[in-house]
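User: I would like to take a close look at one part of this protein, namely the enclosed spaces inside it. Please explain them in a connected way.

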Amino acid sequence: MSKGTAPPEFLDQVIRHAESLVEQVFPVPPDTVAAVQRRFPGAVLLGWGNEGESGTRPALVMATDSRALGVTGTLLDWSGAHDLLNASSMRDTAHRMPGCFAALRIEPGAMTAVTDMTRACGVFYAETPELHIVGTRALLVHLVARDGRTIDWDVPALQSMVRQGYFLSDETPFEGVRALPPATTLEIRDGIRKITSVPLPGSGPVPESRRGKRDAIEGLAEALIETVRPLTDQVNLALTGGRDSRLMAALLHAAKVPFRVTTNGLDDHPDVVIARRIAAKLGVEHTVIPPKRTEQRDAVLVEHPLRRTFEVLRTCEGMTSAYETIVEYLPYSSRLTMSGQSGEILRGGFLYSQGNPAPKAMRRRVDVFFLKDEALFTEDANAHARRLAAPWQERAMTDPAQVLDHMYVTYRVGRWHAAARAGSLRRGDAVQPFLDNRVVAAALALDPMWRRSEEVVHELIGMFAPQLRRIPIEGAEWRFMAERTPSRWESLLARRQPPAPAAQKKGAGGWNWRTSPGEQLTAVLREGVLDGDVLWDIVRKDAVEDLFAAPAVKQPALAWNLYTVGAMLSGLYPGSVPDDLTPVEVRIPRA
């Protein structure tokens with residue numbers, strides 16, 4: 001959007017420049033991309049998409065004589081797009097609308113952008129002396145602002161990428177480009193930008209009676225049912241042995257939505273074994289997708305880290321580590337998909353992995369998020385992290401549980417998931433009940449420590465599919481059962497039970513190459529990190545050398561984060577796809 005100081009032909013030049021960048025910044029084949037443009041005095045809305053014709057989604061850009069609107073993500077009811085287009089207050093309309101989405105609207109001399117409660121559909125913005133640029137691809141926003149110049153990396157901001165593999169802030173890898181916060185409205189009028197955010201909802205106390213608990217959970221259950229009620233086509237659900245995808249299976253079953261399930265892993269992996277039982281109980285088709293293995297079947301073949309990193313940078317714009325497995329590109333399909341990703345929203349956010357619930361321990365957890373592996377980083381990088389941590393640390397002094405709850409939505413979903421889901425969205429529509437505005441509001445309204453106990457999710461599964469109650473979960477027992485004080489009768493009974501058999505050593509069944517990379521993959525990561533000379537403003541070289549001193553690296557996620565950021569700063573992407581790279585073998589341990 002023009003600030004009004006530039007002549008009209010300048011905006012024509014900007015549009016041509018943006019259109020020339022599509023092949024570079026969109027991680028899909030150029031011949032699959034359709035483009036739409038709507039323009040009013042001083043403002044233009046450019047839309048690109050690879051969805052093709054759809055009977056349910058509205059046009060890429062909806063327009064009247066005085067307004068134009070683009071929506072990314074999904075709305076529970078697509079007629080709501082007309083409400084966003086015509087609303088006098090786009091902010092109020094968006095914040096109460098069910099769905100997982102972001103929207104941009106222009107009119108003569110004005111622009112508005114909104115994010116939902118999770119910002120899982122990211123919106124990015126930048127400013128130049130002549131322009132305000134707002135978009136859903138951060139690299140495109142940056143390159144338009146740079147007007148043909150090369151990328152200017154925000155190196156201090158990348159310290160968070162190295163620590164966590166995603167951003168614990170509104171920063172991006174690109175200098176001058178920021179992500180819009182959750183539940184936020186950006187308005188530009190008369191060349192002036194205004195950003196207004198609505199705080200995430202607070203929670204009420206835990207209901208004292210069983211009936212009160214049931215009523216509270218039923219409100220969340222109804223919100224979940226509403227997210228899938230409109231579905232009539234078959235859904236493909238990625239199912240594991242854990243809690244969250246099981247809840248999705250139970251939800252689809254209760255709503256009578258047709259679905260099938262798939263599980264990735266070796267045939268004796270706990271995820272595969274338990275998912276097979278769940279599918280049998282619900283009477284749905286189950287497909288197992290094994291990893292690629294060598295001819296001798298004693299190792300898995302892992303894509304070369306440089307090629308893997310290129311694809312992650314290309315898809316996620318440097319906001320997710322190549323440690324994460326991004327869904328590979330396939331031609332866009334209208335077939336609906338679903339998984340349990342981000343289900344921790346219903347289990348207390350980051351509280352789900354908080355072993356010690358004491359307030360002091362929770363406050364220490366907040367510190368660790370921002371200053372993880374502090375000794376590895378330079379003084380400047382640690383100082384930057386402390387500035388980002390300060391407002392959350394202050395809030396944690398009075399309510400650390402809510403801070404860990406809200407940090408999960410703000411960063412784990414709003415930055416990591418928002419970046420990673422770009423891989424799946426380019427190949428089809430994802431149904432994401434956990435990220436629906438109404439579901440998130442209903443979940444956050446429940447006490448976070450109650451949700452941490454997992455009683456809420458356990459009860460939801462029982463409401464939706466009682467037949468799944470007795471199927472074990474992969475990993476630890478339900479927390480509210482494991483942590484409750486046993487009755488006197490249970491204690492007496494336990495004394496009469498024979499001792500549990502000793503745990504067997506974990507073999508191939510529970511093994512994962514990402515967490516046990518072995519010596520050959522470690523060697524490739526080590527070479528990629530230490531042979532470059534671009535990371536030493538962020539991390540200390542001697543500390544990184546110590547990290548890679550062992551034949552097999554003991555912190556594989558950190559190693560991948562370093563490799564990803566190093567490749568980014570070295571100019572791997574944008575650029576040509578790395579060729580002639582041999583896959584790396586990672587040995588499968590024997591039981």
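Which helix gives the largest share of the lining of the second largest cavity?

Analyst: The structure shown is a predicted model. The largest share of the lining of the second largest cavity comes from helix α17, which spans residues 455–464. This helix supplies three residues of the lining. The full lining of the second largest cavity consists of Arg246, His458, Ile461, Gly462, Leu468, Arg469, Ile471 and Trp478. Sorted by class, these residues are four nonpolar, two polar and two charged. The two charged residues are Arg246 and Arg469, while His458 and Gly462 are the polar ones. The space enclosed in this second largest cavity is about 50 Å³.

To place this cavity in context, one may turn to the others. The model has three cavities of 30 Å³ or more. For the largest cavity, the volume is likewise given as about 50 Å³. Its lining is made up of Leu139, Ile151, Trp153, Phe174, Leu313, Glu317, Gly318, Met568, Tyr573 and Pro574. Here the division by class is eight nonpolar residues, one polar and one charged. The charged residue in the lining of the largest cavity is Glu317, and the polar one is Gly318, because glycine is counted as polar in this classification.

In summary, the lining of the largest cavity has eight nonpolar residues, whereas the lining of the second largest cavity has four, with helix α17 giving three residues to the latter lining.

How values were computed: Residues numbered from 1 in each chain as written. Predicted model: local features only at pLDDT ≥ 70, side-chain atom pairs only at ≥ 80, totals over all residues. Heavy atoms only, no water. 1 Å grid on protein atoms, 1.4 Å probe; cavity = no way out; pocket = protein on both sides within 12 Å on 5 of 7 lines; lining within 4 Å. Points joined across faces, edges and corners; volume = space filled by probe spheres on them. Helix = DSSP H or I, 4+ residues; strand = E, 2+ residues; numbered from the N terminus.
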